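Biologist: Please take a close look at a single residue, and then work outwards from there to the rest of the chain. I would like each term explained when it comes up.

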Amino acid sequence: MNSLSATAGRMLVARPLFILLVVLAAFLPQATPPLALFTGIVFAFVLGTVYPKQVKKTQKYLLQASVIGLGFGMNVTEALKSGKDGMVLTIFSVATVMILGWVVGRLLKVETRTSYLISAGTAICGGSAIAAVGPLVDAKDEEMSISLGTIFVLNAIALFIFPPMGHALGLDQAAFGQWAAIAIHDTSSVVGAGQAYDAMYYADGSHIAWETATLVKCTRALWILPLAFVTMAIFRKKGQKVAVPWFIFLFAAAMIINTYTAFPKEASGFLVLLAKRGIIVTLFLIGTSLTPATFKSCGLRPLVQGVALWFLIGGLALLAI
């Protein structure tokens with residue numbers, strides 16, 4: 001009874017506070033991607049999770065809608081020009097990470113499927129890649145949890161450390177955007193890091209970092225499809241469905257509309273503003289999912305593999321840039 005009373009009391013505080021923090025993340029000008037993620041993590045550690053199913057579904061679709069909205073602020077010609085080198089890096093990095101992931105996983109004696117999922121999440125786009133290839137390798141719930149937990153923990157760390165690291169390394173906005181898109185796993189943290197870099201170090205209001213980061217990351221996400229087919233070949237699985245990242249094509253359509261039609265500038269500016277706020281809310285929601293249990297579930301060897309791959313690809317991307 002005491003336990004039930006304590007849970008009910010916690011929910012009585014947690015639920016209205018959760019709603020208030022979502023509203024603040026959406027509308028408070030001072031709310032930034034790192035601050036939103038940090039607030040979400042603190043909330044999860046102190047009060048636990050609330051509305052877990054709704055939060056999981058909301059953060060997925062809100063992120064996709066926000067990425068599409070960012071497309072209305074991009075010009076196709078300029079984006080392709082700044083993202084051309086990033087595309088080459090993407091091809092190189094995906095192949096390199098999958099090979100190195102297999103080697104590092106074997107050296108650390110990480111279970112084969114868990115190692116493969118962590119490598120896929122690092123190589124392409126974090127949780128989305130793991131969710132896509134997990135069923136293709138018949139991953140167990142525990143293996144999915146360990147892989148997702150490892151990627152999400154590293155994602156959270158990346159959002160805080162990458163902007164100051166990029167500044168210390170003297171990277172301009174385009175270079176930082178490419179680096180973040182290659183070295184950070186999940187789309188939300190990539191876009192958030194780009195936004196943070198532009199805001200923290202460029203007072204002229206330019207947003208080259210998040211433009212470049214978003215374009216390169218979306219290009220990278222398309223590699224889910226060939227990776228899925230390779231996975232089916234390796235693990236001898238045929239006839240299984242592959243999760244197609246359709247929102248990437250809508251993102252490209254938004255860029256085309258913004259570039260080649262008479263779409264009102266006021267409308268595109270409003271959609272981009274909504275998208276930026278959507279990314280901030282998404283990061284808060286992701287933070288609320290990072291409970292102590294999530295960190296504990298990672299396990300030492302999978303986490304070491306994730307960190308090793310992270311350093312390797314981050315370093316190689318820096319050298320290439």
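**Threonine 214 and its surroundings**

Modeller: Threonine 214 counts as buried because its relative accessibility is 0%; buried means a relative accessible area under 20%, exposed means over 50%, and partly exposed lies in between, using a 1.4 Å probe and protein chains only. The model is predicted, so local features need a pLDDT of at least 70 and side-chain atom pairs count only at pLDDT 80 or more, while totals for chains, interfaces and linings use all residues. Residues are numbered from 1 along each chain as its sequence is written, and side-chain values use heavy atoms, with hydrogens and water left out.

Threonine 214 belongs to helix α10, which covers residues 208–221. Helices are DSSP runs of H or I with at least four residues, strands are runs of E with at least two, and both are numbered from the N terminus. The threonine 214 side chain has a polar contact with the backbone oxygen of tryptophan 210, at 2.6 Å. A polar contact is a pair of N or O atoms within 3.5 Å; within protein, one atom must be able to donate a hydrogen and the other to accept it, and residues adjacent in sequence count only if both atoms are side-chain atoms.

Leaving out residues up to four places away in sequence, threonine 214 is in contact with Val67, Leu70, Met74, Val191 and Phe251. Contact here means heavy atoms within 4.5 Å. Two of these names lead on to other helices.

Take Val191 first. Val191 is one of the buried residues of α9, a list that also includes Thr187, Gly192, Ala193, Gly194 and Tyr197. In total, 12 of the 15 residues of α9 are buried, so the helix is mostly covered by the definition of that term. From its first C-alpha to its last, α9 reaches 21 Å, close to the expected 21 Å; the expected span is 1.5 Å times one less than the number of residues. Methionine 200 also lies in α9, which runs over residues 187–201. Unlike the residues just listed, methionine 200 counts as partly exposed, at 46% relative accessibility. Its C-alpha atom is 8.2 Å from that of proline 163, although the two residues are 37 apart along the chain.

Proline 163 comes up again in the contacts of phenylalanine 176, which touches Phe162, Pro163, Gly166, Leu171, Ala193, Gly194, Tyr197 and Ala209, not counting residues up to four places away in sequence. Ile124, Phe162 and Phe176 have the most contacts inside the largest nonpolar core, which has 69 residues. Apart from that core lies another, of 15 residues, including Met11, Ala14, Phe43 and Val55. A nonpolar core is a set of buried Ala, Val, Leu, Ile, Met, Phe, Trp, Tyr and Cys residues joined through side-chain atoms within 4.5 Å. In soluble globular proteins, nonpolar side chains tend to be buried together.

The other name is Val67. A residue beside it in sequence, serine 66, is in helix α3 (residues 52–71). Serine 66 is buried at 3% relative accessible area, and among residues over four places away in sequence it touches Ala275, Gly278 and Ile279.

Charged side chains offer a second topic. The whole structure contains two salt bridges, a salt bridge being a side-chain nitrogen of Lys or Arg within 4 Å of a carboxyl oxygen of Asp or Glu. Arginine 113 pairs with glutamate 111 at 3.8 Å, N to O, and with glutamate 143 at 3.3 Å between the closest N and O atoms. Glutamate 143 lies in helix α7 (residues 141–168) and arginine 113 in helix α5, so this pair ties together parts 30 residues apart in sequence. Glu111, Arg113 and Glu143 are thereby one network of salt bridges. Glutamate 143 is buried at 8%, whereas arginine 113 is partly exposed at 21% and glutamate 111 is partly exposed at 36%.

Glutamate 111 also caps the N-terminal end of α5, with a side-chain oxygen 2.8 Å from the backbone nitrogen of arginine 113. Helix α5 spans residues 112–123, and 10 of its 12 residues are buried.

For the chain overall, there are 15 helices and zero strands. Buried residues make up 50% of the 321 residues. Of the contacts between residues at least 6 apart in sequence, 84% join residues at least 24 apart. The chain exposes about 15200 Å², with carbon and sulfur atoms supplying 70% of it; accessible areas come from the Shrake-Rupley method with a 1.4 Å probe, and for residues only the protein chains shown count as cover.
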